[in-house]
Amino acid sequence: MKKHLIFDLDGTLIDSAPSILEGYDQAFKTTDTPLQVPLSNDVIGPPLIESLKILSGRDDDALLQALAAAFKQHYDSSGYLKSVVFAGVSELLQQLHGEGYQLYIATNKRLYPTEKIIRHLQWEPLFQAVFALDYFQPALSCKADMVGRIVQDLALPVEECLYIGDRLEDGLAADAQQMDFVLVTWGYAADAAQKKPHWQSCTAVDDLPGLIAGNRGEQS
C-alpha cells in the first residue's frame, strides 16, 4: 500500500513552460547575451544554473549569475503566475488528499517561487511538505539526493512511497532510493524509449488514482 506520494512539479502537476521560457528570454535580452540553444520545453526541468549553462553555452560564473539574477527578477515577481495546472490535476490532488494519502512535492525549481506557486494555486492544505534542492542547506546537487533526504528526514518507509514525475531524471532518482516510480506522459520530456521496464506509466491524469490504489501500471 502506497501512503506517501511524492510529486515532481514542472511537467507533472503544472505546465510552467510559458512562464519559464519567457523568463529565460527576458534574462538573455536584458543581459545582451546570445542564446546558443533555441528556447524550447527541452530546457525545462534541470536546475536554473544548469539550464543557463546549456542556453548560453558558457561556464562563466559571473555571466551565469547575472543571467540567473535577471531570470529571478522576472519570474519571481510576475512570471510564475503564468504557470498553468494540467487539466484534472487539482481535482486529482483533492481526491488523493481526501482519501488519506500524504502528498509531497520534490522539485528542481527553487523553493521561493515553488512556494509562491503553491500559495497562488491554494494547494497549501493538500501537501505535507514542499521540497527543493535549495530547501536543504547546503543545497543539494541532484534530485536523487533530495528524494533520499526526504525519506531519511521524514522517516518514511520507502516501500510505502511512490514518486511521480515526467522525466528520466525523476525515475532515476526513485531508483537510487529503491522507490517505486510512475512516469507520466503528459509532461515535457517523457520518452517511451527511456522508460525502464520496472517503472509504471500513466498517460492520463484521470487514470492515476486507480494506478496508485492498485500499484499497477501499463507495463511496456
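Reader: Before we get to valine 89, what counts as a helix here?
Author: Helices are DSSP runs of H or I with at least four residues, numbered from the N terminus, and valine 89 has its place in helix α4, residues 89-98. This is a predicted model, in which local features need pLDDT of at least 70, side-chain atom pairs count only at pLDDT 80 or more, and totals for chains, interfaces and linings use all residues. Residues are numbered from 1 along each chain as its sequence is written, and side-chain values use heavy atoms, with hydrogens and water left out.

Reader: Is valine 89 buried or exposed?
Author: Valine 89 counts as buried because its relative accessibility is 0%, where buried means under 20% relative accessible area with a 1.4 Å probe and protein chains only.

Reader: And which residues is valine 89 in contact with, leaving aside neighbours within four places in sequence?
Author: Valine 89 is in contact with Thr12, Leu13, Trp123 and Val205, contact being heavy atoms within 4.5 Å. Isoleucine 14 lies 75 residues from valine 89 in sequence, yet their C-alpha atoms are 8.2 Å apart in space.

Reader: Switching to serine 51, where is its place?
Author: Serine 51 sits in helix α2, which covers residues 48-56.

Reader: Why does serine 51 count as buried?
Author: Serine 51 counts as buried because its relative accessibility is 1%.

Reader: Which residues does serine 51 touch, not counting those up to four places away in sequence?
Author: With those set aside, serine 51 touches Tyr24, Val43 and Pro46.

Terms used:
Helix = DSSP H or I, 4+ residues; strand = E, 2+ residues; numbered from the N terminus. Buried < 20%, exposed > 50% of the residue type's maximum accessible area, 1.4 Å probe, protein only.
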